[in-house]
Amino acid sequence: MASSATSLHIAFPPHSTDSPQSALDSLHDFMDKRRKQRKPVADFGAFEEELHKRIMSVERELLGEELARGDIDAEAVEVGGVVYRRAVRSIGRYQTAAGEVCIERTL
């Protein structure tokens, strides 16, 4: 199976009510629709690819949320007696086993 580059951009708090549908909700919707069907899928390969795509999206979303928890959004931090001031908030790209994850971070 050929691999395709996929990324997920996380720029909202994990529990924000303004966020788009979560990847997990999308997977649940996909599976709920499929489970209501009595006949097998016409194209098993297409079903398998769509299922894999949605599961990988869930993994990237969860990894992105976990990475975002490590960001310290403060005006300044002190490390080893040295004060570092925030310069900018920007999108950081991280490569994970599930693909690229982009999160907002403080620099």
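Which residues of α1 are buried? Here are my notes on that and a few other things.

1. **What we're looking at.** Keep in mind that this is a predicted model. The protein chain has two helices and five strands, and reading along the sequence gives the pattern β-α-α-β-β-β-β. Of its 107 residues, 21% count as buried. The chain exposes about 8,100 Å², with carbon and sulfur atoms supplying 53% of that. Take the contacts between residues at least 6 apart in sequence: 50% of them join residues at least 24 apart.

2. **Helix α1, the opening question.** The buried residues here are A23, L27, F30 and M31. They cover an arc of only 90 degrees around the axis, so they sit on the same side of α1. That fits the general rule: an α-helix has 3.6 residues a turn, so residues three or four places apart point the same way. As for what this side meets, the buried residues of α1 pack against α2, residues 44–69.

3. **A quick check on the α1 geometry.** Helix α1 runs over residues 23–35, which is 13 residues. At 1.5 Å a residue the helix should span 18 Å, and its end C-alpha atoms are indeed 18 Å apart, so expectation and model agree.

4. **The stacked pair between the helices.** There are two aromatic pairs in the structure. One of them is F30 with F47, which is stacked: the centres are 5.7 Å apart and the planes make an angle of 20 degrees. Since F30 lies in helix α1 and F47 in helix α2, this pair ties together parts that are 17 residues apart in sequence. F30 counts as buried because its relative accessibility is 16%, under the 20% cut-off. F47 is buried too, with a relative accessible area of 17%.

5. **The tilted pair within α2.** The rings of F44 and F47 have centres 6.2 Å apart and planes at 45 degrees, so this pair is tilted. F44 and F47 are three residues apart in helix α2, which means about one helical turn separates them. Is F44 buried or exposed? At 57% relative accessibility, F44 counts as exposed, whereas F47 is buried. Put the ring pairs together and F30, F44 and F47 are linked into a cluster.

6. **The β2–β3 hairpin.** Strand β2 (residues 76–79) and strand β3 (residues 82–85) run antiparallel, and four bridges join them. If you want to trace the register on screen, A76 has R85 as its bridge partner in β3, and V77 has Y84. How many residues lie between the strands of this hairpin? There are two, and G80 takes a positive phi near 60 degrees in this hairpin.

7. **Where I'd look on screen.** For the helices, start from F30: this residue is one of the buried set of α1 and also stacks with F47 of α2. From F47, the tilted pair takes you on to F44. For the strands, follow β2 into β3 and pick out G80 in the hairpin.

Methods: Residues are numbered from 1 along each chain as its sequence is written. This is a predicted model: local features need pLDDT of at least 70, side-chain atom pairs count only at pLDDT 80 or more; totals for chains, interfaces and linings use all residues. Side-chain values use heavy atoms; hydrogens and water are left out. The expected span of a helix is 1.5 Å times one less than its number of residues. Buried means under 20% relative accessible area, exposed over 50%, partly exposed in between (1.4 Å probe, protein chains only). The arc is that of the directions from the helix axis to the C-beta atoms. Contact means heavy atoms within 4.5 Å. Two strands pair if DSSP finds at least two bridges between them. Rings of Phe, Tyr and Trp (its six-membered ring) pair if their centres lie within 6.5 Å; planes under 30 degrees apart count as stacked, over 60 as edge-to-face and the rest as tilted. Accessible areas come from the Shrake-Rupley method with a 1.4 Å probe; for residues, only the protein chains shown count as cover.
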